[in-house]
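Visitor: I have a structure to look at and plenty of questions. Could you take me through it, term by term?

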Amino acid sequence: MKAITFTRVIFKKYPRLVVINTALLFFANIFDAASIFSLVVIVDLFLNPNLANASIVTQKITAVIKFTGLPVTLGWLLAVFMFFNILKSGFQIFAQRAILKTKYALLRELMLGTFEDFLNARWLFFTKNNQGVLINTFIREMTVIGDALSAMGRYFSCIFQIALYLVVPFYLSWQVTSVTIASAVIFVMPFFWLGKISYKLGKLNTSTANKISTVIQENLSLAKVVLGFGKQDKSVSALAFAFDAHREVTIKSQVLNFAMPLAYFPFGILVLSIGLFVARSFTLPLSETAVLFYALARVVPLIGNAAEYKNCLDNFFPSYEQVISLKDSACAMRQPSGAKQFTDFSSEINIENLAFGYDGSRPILSGVNICISKGKMIAIVGESGAGKSTLIDLIMGFLQPSSGSIAFDGVSLQEFDINSLRRNIGYVPQESVLFNMSVRDNLRWANDMAGDDKIKQACIQANAEEFIGKLSHGYETIVGDRGVRLSGGQIQRIALARAILRQPKLLILDEATSALDTHSERLIQQAIENIAKETTVVVVAHRLSTIINADYVYVLKNGRIIEEGRYSELILANGSLSNMARLQTLEASIK
């Protein structure tokens with residue numbers, strides 16, 4: 001049962017809050033039941049102020065009141081009735097507050113915990129999962145889980161109320177009450193069985209919401225392509241189709257939940273009518289009969305409400321399943337990490353017999369051997385698809401090698417705490433992007449302790465200072481989502497300055513000039529050459545002009561090193577690098 005499963009999870013995480021919620025609901029319903037008992041005396045006093053021929057319940061209650069020395073008057077009993085109801089309302093308010101505290105405590109832990117698990121997963125987790133689904137998990141499904149917690153609170157509140165309300169009618173006439181409740185349960189059973197339909201609708205609700213988020217995320221991230229192809233209508237149609245599918249399922253779910261108490265209402269009247277006919281066979285005082293049916297009239301709708309809330313939980317449960325499934329997947333794909341803290345390397349990074357391939361696919365890299373000496377600029381070149389970026393992903397620990405090793409001064413990469421290693425690497429990926437904040441904040445994001453002098457120095461090294469000064473608000477200029485308000489060359493130079501600001505022991509540049517104009521490319525080249533005098537640099541390049549001054553060059557083709565040596569030597573060797581240079585020279589002359 002979904003409600004029990006969800007409750008068990010909540011109790012395991014927050015036993016104290018659950019106990020407090022339960023206690024508050026219990027006392028709220030105790031005072032509600034007490035107010036119903038007090039009605040027996042009120043009705044008797046109203047019908048007969050002298051309490052002649054009063055019911056047994058009235059006699060027992062008045063005896064207790066007299067023992068306490070309080071007067072047995074209609075006004076005083078009405079005040080007691082009001083007092084009990086005030087207490088009931090007060091406890092219900094505190095119970096609702098406790099439920100909300102539990103709800104947001106759960107959501108905070110679940111959201112932050114899931115987010116942390118995602119970010120601690122291997123890069124493969126992000127490549128295997130749909131970004132729209134991941135986003136929807138945080139935007140919609142977490143909210144739905146919060147709603148499920150509220151529904152759970154209402155569900156168990158109903159159960160408590162039913163249990164305590166039945167104390168009064170069972171005390172007054174267990175026969176009438178038994179027949180009435182049995183009839184109510186028989187009529188409500190089909191409504192509980194609707195939980196399976198509600199669960200299926202909940203799964204469809206989650207999957208169609210995922211689709212909406214996917215369509216929005218893809219089209220907004222690819223807005224330039226959509227606009228460039230003039231395919232806005234196609235994107236709008238895709239969103240309309242996804243929304244219509246979600247709308248249909250949502251309407252069915254909400255109508256089902258809304259209709260349940262209304263559909264049960266006629267059966268509730270029938271149940272009370274059955275109870276009335278049964279009551280004719282028993283001789284009960286008018287006051288007890290009135291209170292009995294007052295209590296039953298409260299209980300019967302609650303049974304319908306319990307069925308509604310239970311089905312709401314079934315409807316919400318697929319959202320919880322999706323969050324937990326993704327969370328478990330991220331934990332199963334957690335980034336491997338050693339315990340040794342990385343601070344620096346003194347000699348070299350050795351890559352020996354490195355091989356990598358995705359499961360069941362052709363190897364991307366095979367038998368790769370590379371030596372990266374400290375303080376040197378090492379270039380890795382090759383045509384598109386040669387495996388250059390995959391090699392960088394392996395050095396960064398984004399991917400795990402199928403075989404072979406990567407070692408820093410003889411210590412395997414796997415032995416290092418991966419985050420301590422990455423904190424000492426400056427990384428500029430092929431597609432550099434910026435956060436939607438100021439230039440200064442984008443730079444300081446890499447190093448919280450960096451002062452303005454350090455920031456300016458990094459920008460000078462990256463040849464970014466000259467254009468930052470011309471921006472509308474200089475370093476305080478907001479760059480837009482992914483840096484959209486800047487040119488590609490400007491983004492790349494800020495990304496380079498961001499990497500330099502870390503004062504890295506190793507700087508990795510993955511195709512840093514691949515999509516830049518000639519002017520921006522030359523500025524980046526100059527920046528790389530300046531930085532190479534101070535730290536170890538690994539440059540991945542397709543355009544050979546970037547690596548002319550490299551200390552050593554490795555040429556990759558089809559995942560293997562086919563040439564290596566100094567740039568000048570390889571050019572004269574009339575091999576693969578020489579051929580690439582001739583082709584690029586020819587392309588440049590044609591342009």
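Guide: Gladly. Keep in mind that this is a predicted model. Let us start with a pair of strands: strand S9 (residues 552-557) and S10 pair in the antiparallel sense, over five bridges.

Visitor: What makes S9 and S10 a pair?

Guide: Two strands pair if there are at least two bridges between them. S9 and S10 have five, so they pass the cut-off of at least two. One bridge joins Val553 to its partner in S10, Gly565. The two strands form a hairpin with two residues between them, and Asn558 takes a positive phi there, near 55°.

Visitor: What sheet do these strands belong to?

Guide: An open sheet of six strands, in the order S6-S7-S8-S3-S9-S10, with mixed pairing.

Visitor: Why are S6 and S10 said to stand at the edges?

Guide: Strand S6 (425-428) and strand S10 (560-565) have a single partner strand each, so one side of each has no neighbour in the sheet. On average, neighbouring strands are turned by 15° against each other, direction ignored.

Visitor: Which helix packs on the sheet?

Guide: Helix H18 (residues 488-500) does, touching S6 and strand S7 (506-510). The direction of H18 makes about 170° with that of S6.

Visitor: Now the salt bridges. How many does a search of the whole structure find?

Guide: The search finds 10.

Visitor: Why is the contact of Asp147 with Lys103 called a salt bridge?

Guide: The cut-off is 4 Å between a side-chain nitrogen of Lys or Arg and a carboxyl oxygen of Asp or Glu. The closest N and O atoms of Asp147 and Lys103 are 3.9 Å apart, so the pair is within the cut-off of 4 Å. Asp147 is in helix H6 (residues 131-165) and Lys103 in helix H4 (residues 74-119), 44 residues apart.

Visitor: Why is Lys103 counted as buried?

Guide: Buried means under 20% relative accessible area. Lys103 has 9%, so Lys103 is buried. Asp147 has 33% and is partly exposed, because that class runs from 20% to 50%.

Visitor: What does the salt bridge of Lys327 with Asp117 tie together?

Guide: Lys327 lies in helix H12 (residues 286-332) and Asp117 in helix H4, so the pair ties together parts that are 210 residues apart in sequence. Their closest N and O atoms are 2.6 Å apart. Both Lys327 and Asp117 are buried.

Visitor: What makes Arg444 and Asp452 a salt bridge?

Guide: Their N to O distance is 3.2 Å, so the pair is within the 4 Å cut-off. Arg444 counts as partly exposed at 24% relative accessibility, and Asp452 counts as partly exposed at 45%. Arg440, Arg444, Asp452 and Glu476 are linked in a network of salt bridges.

Visitor: Why is helix H13 (residues 388-396) called mostly covered?

Guide: Eight of the nine residues of H13 are buried. Among them are Leu391, Ile392 and Asp393. Gly397 follows H13 and has a positive phi, near 85°.

Visitor: Which residues form a nonpolar patch on the surface?

Guide: Phe26, Phe27 and Ile30 do, with about 240 Å² of accessible area together. Phe26 sits in helix H2 (residues 15-47).

Visitor: How do you know that Phe26 can belong to a patch?

Guide: A patch residue needs over 30% relative accessible area. Phe26 has 36% and counts as partly exposed, so Phe26 is over the 30% cut-off.

Definitions and conventions:
Residues numbered from 1 in each chain as written. Predicted model: local features only at pLDDT ≥ 70, side-chain atom pairs only at ≥ 80, totals over all residues. Heavy atoms only, no water. Helix = DSSP H or I, 4+ residues; strand = E, 2+ residues; numbered from the N terminus. Axes fitted to C-alpha atoms, helices over the stretch in contact; angles between N-to-C directions. Contact = heavy atoms within 4.5 Å. Patch = residues over 30% accessible without salt bridge, like charges linked within 9 Å, V, L, I, M, F, W, Y side chains within 5 Å. Areas by Shrake-Rupley, 256 points an atom, 1.4 Å probe, with all protein chains shown as cover. Buried < 20%, exposed > 50% of the residue type's maximum accessible area, 1.4 Å probe, protein only.
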